[in-house]
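Please open the model in your viewer and keep the sequence panel beside it. This tour moves from one selection to the next and says what can be found at each stop.

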Amino acid sequence: MQTPNLEQLLTQTIEVVIRAGQLLIAEWARVDGPRGQGDKAAVDEEIEQFLHRHLLTLLPCDFWGEETGHCLTGHPWCWVVDPNDGTADFLKGLKGSALSIGLLHKQTPVLGVVYAPVTVEGVPDCIAWAEGMAEVSRNGLPIVSQLSIKTLSSDEFVMVSAAAINKPELNRELCQPSSFVAMPSIAYRLAKVAAGEGACGVSLYPVSAHDVVAGHALLRGAGGVLFDERGQPITYVTEAHMQTVSQRCFGGSVSACRLLLAREWDRIFT
């Protein structure tokens, strides 16, 4: 097949994702709250069906989704989709869940869009990048990244899960000298780091490809990395890798990731 123009494809993908995000905005605004319980929301499947249909129209290839399953044929290109990363927090009434759409080419993340339609700041937030672009873009504007030279410091932030608010002192200690920011969605954590808001985004729970491929692409665009719990670069080589890419992940500047990896995160669970 002809190699797609990734920057043009990104523009088209952003349009699709923002349209899909309207479903999440409407769900959030329901008088009796979003439908669903636990980590399953009815709107998730509705969003993914919309994305599945439109993304495969833009680029027919393999597809890996959280809700609608996957089709892996060995095609060099593969869409990787999480329709609402952070569902459980969304259903609890927390803002900041995100649509996460990535594209792999020969197992490398080459395009990513992370779109948070309902944010604490009160305005939708779309962070995007495709291979060939000089910078990550945020809401249509380029961001000159300093990520590659960032490290943990008193004026930096580490993005951790929303549950961190339950153990603030311990999270403060584990992230020092930086401050921690508690928020849903590992995809949005990685995207915010790529957009310059932090030095590292962390997940202490197992993640699948749909959780991190888009954020991984954004980190690549910003000069960052995504490591697993052993400090190895995360890969997407086999279906097993796609199902569970890591038990924990650390994404951001090499320096910050290495420092945080060495800390005693098991203490969070004791």
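Before the first selection, one term is needed: two strands pair if DSSP finds at least two bridges between them. Keep in mind throughout that this is a predicted model.

**Stop 1: two strands side by side**

Select residues 108-116, which are strand β7, together with residues 125-130, which are strand β8; six bridges join these two strands, and they run antiparallel. If you pick out Leu111, you will find Ala130 of β8 standing opposite.

**Stop 2: the sheet around them**

Now widen the selection to the open sheet of eight strands, whose order is β4-β3-β5-β6-β7-β8-β9-β10 and whose pairing is mixed. Which strands stand at the edges? They are β4 (70-71) and β10 (141-143), and because each has a single partner strand, one side of each is left without a neighbour in the sheet. Add helix α2, residues 42-58, which packs on this sheet and touches β3 (62-65), β5 (77-85) and β6 (98-105), while its direction makes about 155° with that of β5.

**Stop 3: a loop residue with an unusual angle**

Go next to Lys106, which has its place in the loop between β6 and β7. Most residues other than glycine have a negative phi, and most peptide bonds are trans. The phi of Lys106, however, is near 50°, a positive value in a residue other than glycine.

**Stop 4: the two domains**

Colour residues 6-142 as domain 1 and residues 147-269 as domain 2, which is how the protein is divided. The C-alpha centres of the two domains lie 19 Å apart, and their contact takes 39 residues from domain 1 and 28 residues from domain 2. Between them, domain 1 and domain 2 bury about 2600 Å², with 66% of it on carbon and sulfur atoms. Show Trp64, Asp85 and Pro109 as sticks, since these three residues supply 21% of the area that domain 1 buries against domain 2, more than any other three residues.

**Stop 5: the second sheet**

Select the five strands of another open sheet, which follow the order β12-β11-β13-β15-β14 with mixed pairing. Here β12 (179-182) and β14 (225-228) stand at the edges, each with a single partner strand, so one side of each is left without a neighbour in the sheet. On average, and with direction ignored, neighbouring strands of this sheet are turned by 20° against each other. Within the sheet, strand β11 (residues 157-160) and strand β13 (residues 200-203) run parallel and are joined by two bridges; Met159 has Gly201 of β13 as its bridge partner.

**Stop 6: helices on the second sheet**

Helix α4, residues 168-175, packs on this sheet and touches β11 and β12, its direction making about 125° with that of β12. Follow the chain into the loop between α4 and β12, where Pro177 lies, and notice that the peptide bond from Gln176 to Pro177 is cis, with omega near 5°. Then turn to α5, which lies across β11, β13, β14 and β15 (249-252) and runs at about 165° to β13.

**Stop 7: a pair of helices**

Finally, select helix α5 (residues 186-194) with helix α6 (residues 209-221), whose axes come within 8 Å and cross at roughly 5°. Because angles under 35 degrees count as roughly parallel, α5 is roughly parallel to α6. Residues making the contact include Ile186, Leu190 and Val193 of α5, and Val212, Leu218 and Leu219 of α6. By class, this contact of α5 with α6 has nine nonpolar, one polar and one charged residues.

Notes:
Residues are numbered from 1 along each chain as its sequence is written. This is a predicted model: local features need pLDDT of at least 70, side-chain atom pairs count only at pLDDT 80 or more; totals for chains, interfaces and linings use all residues. Side-chain values use heavy atoms; hydrogens and water are left out. Axes are lines fitted to C-alpha atoms, for helices over the stretch in contact, and angles run from 0 to 180 degrees between N-to-C directions. Helices (H or I, at least four residues) and strands (E, at least two) are DSSP runs, numbered from the N terminus. Angles under 35 degrees count as roughly parallel, over 145 as roughly antiparallel, 65 to 115 as roughly perpendicular and the rest as oblique. Contact means heavy atoms within 4.5 Å. Ala, Val, Leu, Ile, Met, Phe, Trp, Tyr, Cys and Pro count as nonpolar, Asp, Glu, Lys and Arg as charged, and the others, Gly among them, as polar. Domain bounds come from an automatic or database domain assignment. Buried area is the accessible area (1.4 Å probe) that two parts lose on being put together, summed over both.
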